[in-house]
Amino acid sequence: MSISEETTINDTKDELIRRAIDVAPIVIADADESERLGRVTPRVIEALRERELFWITVPKEMGGFGLEWDTAVRVIEEVSAADGSTGWMLMANMGATGLCSWMFQVSEKLVAEHGSMPLGCGTYAPLGKAVVVDGGIRLSSGPIPFNSGFDAASQVLVMAVVHDEDGNVVTTESGDPEMRCCMVDKDGVEKLGNWDVLGMAATGSYDIRVPEQFVADDRVRRFEEISAPEGAPYEGTELDFLSTAVSGHAPVVIGAMRRALSEIATASIGRRRLGYPETVDQHPLFGLEFTRHEAMYHAARDLYYKSLDDALIAVKERGGLTVTERARIRQSVTYLHGVAGEVVSFCALWGGTKTFRNPSVIGRCLRDVTVARNHAFVDPVTLANAAEPFIQEWSGQ
């Protein structure tokens with residue numbers, strides 16, 4: 001890469017982060033209404049569209065910016081600091097949109113059909129049923145949960161297990177179920193709703209159902225095409241599928257921590273509390289705890305970004321990740337979520353009535369982080385599963 005090309009890329013990265021900062025006041029202004037509705041407001045979705053933030057990783061030849069995941073997650077962090085649900089929605093739509101573009105090469109066709117760039121959503125659990133027929137598949141499903149960003153999307157990704165005409169599961173040579181990734185226009189699925197939750201309330205992560213329909217071959221791919229083994233990148237991106245998906249969760253809780261720390265620091269200045277001779281910001285107990293939790297925030301954030309940046313460098317230099325590099329991403333993301341729980345809980349405790357009297361920014365951060373920590377990608381078992389390469393490394397094996 002020439003110096004001029006690198007400068008252009010860096011300028012584009014900076015510009016996109018500025019756009020994310022620029023959209024924050026709109027996100028903040030609508031956050032309470034978004035939470036009440038259970039979905040991000042149309043005004044915020046349109047503001048994200050106007051700033052083209054959904055298409056950061058879509059290749060240039062397909063109408064996107066063609067940038068790496070490290071830019072995407074920094075944009076997600078900025079939006080999440082304004083509102084966690086909006087950041088989560090952006091993350092989910094951005095990831096699904098990337099798959100729509102890379103796997104199905106659909107941008108030009110969809111722009112011609114709909115007048116706008118494709119924007120995807122979907123759940124990566126294989127809950128659909130696919131029967132192979134001439135020219136494509138016959139697709140159907142029961143309820144499929146957690147379709148975050150459904151309101152913003154124009155296409156829905158559905159993962160399906162292949163069945164034969166008699167209803168039997170078709171298996172691969174290794175004995176695993178054969179699976180397909182399918183792209184369906186949103187008009188072709190039924191929104192079931194069922195999204196009434198404690199936190200991340202505005203993500204619109206509804207249940208959907210796919211009525212039986214034909215899906216042509218150009219909108220169907222084998223699941224192996226998005227789940228490359230041994231840390232190899234899947235087509236159109238830098239990291240393997242799981243590392244990309246997992247790492248996208250981190251900037252959401254980083255943003256929530258940022259917002260909660262900012263809110264409690266501001267609220268503490270000049271505030272009187274029963275039993276404290278000084279204002280809260282001047283009391284050594286608050287100062288001690290704030291400094292400790294602020295350090296936890298920076299340490300966890302830095303570990304995450306270092307693991308991601310190191311992984312992207314490794315892909316450029318070697319074409320894939322080692323087991324240890326993949327484990328480091330899982331470690332850093334799961335650890336970060338645990339730290340987020342502690343940091344935001346500290347802010348919530350010191351927030352007093354500002355935490356539990358709605359509308360409450362700190363209260364929303366607490367609810368959002370609580371829900372984010374329950375995701376399967378950051379279950380504590382991921383730390384246990386990641387342990388082996390670290391133990392070997394430290395033991396000199």
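**View 1. G128 of strand β1 stands opposite A160 in β4.** Welcome to this predicted model, which we visit one close-up at a time. Strand β1 covers residues 120-133, and β4 covers residues 155-163. These two strands pair in the parallel sense, over nine bridges. Another partner of β1 is β2, residues 136-141, and here the pairing is antiparallel with six bridges. Look for V131, which stands opposite R138 in β2. The hairpin of β1 and β2 has two residues between the strands, and G135 in this hairpin takes a positive phi near 80 degrees.

**View 2. The largest pocket has a volume of about 740 Å³.** Its lining is made up of 33 residues, and the closest to the pocket centre are W88, F146, S148, H249 and H375. Which elements each supply at least two residues of this lining? They are α4 (84-104), β1, α6 (241-247) and α11 (361-372). With eight residues, α4 gives the most. By class, the lining of this pocket holds 21 nonpolar and twelve polar residues, but no charged ones.

**View 3. One cavity of 30 Å³ or more is found in the structure.** Rolling a probe the size of a water molecule over the atoms shows where empty space is left. The largest cavity holds about 50 Å³ of space. Residues lining this cavity include S80, D83, A256, R259, R364 and D368. At least two lining residues come from each of α3 (69-82), α7 (250-268) and α11. Here α11 gives the most, with four residues. The cavity lining has five nonpolar, two polar and four charged residues.

**View 4. Strands β3, β7 and β6 form an open antiparallel sheet, in that order.** The edges are β3 (144-147) and β6 (190-193); each has a single partner strand, so one side of each is left without a neighbour in the sheet. On average, neighbouring strands are turned by 40 degrees against each other, direction ignored. Between β6 and β7 (residues 206-209) there are three bridges. K191 is a good place to start looking, as this residue stands opposite I208 in β7.

**View 5. Helix α8 runs from residue 284 to residue 318.** How far apart are the end C-alpha atoms of this helix? They lie 50 Å apart, which agrees with the 51 Å that its 35 residues should span at 1.5 Å a residue. Just after α8 comes G319, with a positive phi near 85 degrees.

**View 6. E52, N194 and P359 show some backbone details in loops.** Most residues other than glycine have a negative phi, and most peptide bonds are trans. E52 has a positive phi, near 60 degrees, and sits in the loop between α2 (42-50) and α3. Is E52 exposed, partly exposed or buried? Its relative accessibility is 35%, so E52 counts as partly exposed. N194, in the loop between β6 and β7, also has a positive phi near 60 degrees. At 59% relative accessibility, N194 counts as exposed, because the cut-off for this class is over 50%. Finally, the peptide bond from N358 to P359 is cis, with omega near -5 degrees. P359 lies in the loop between α10 (353-356) and α11.

Definitions and conventions
Residues numbered from 1 in each chain as written. Predicted model: local features only at pLDDT ≥ 70, side-chain atom pairs only at ≥ 80, totals over all residues. Heavy atoms only, no water. Pairing = 2+ DSSP bridges. Axes fitted to C-alpha atoms, helices over the stretch in contact; angles between N-to-C directions. Expected span 1.5 Å × (residues − 1). 1 Å grid on protein atoms, 1.4 Å probe; cavity = no way out; pocket = protein on both sides within 12 Å on 5 of 7 lines; lining within 4 Å. Points joined across faces, edges and corners; volume = space filled by probe spheres on them. Nonpolar A, V, L, I, M, F, W, Y, C, P; charged D, E, K, R; others polar. Buried < 20%, exposed > 50% of the residue type's maximum accessible area, 1.4 Å probe, protein only.
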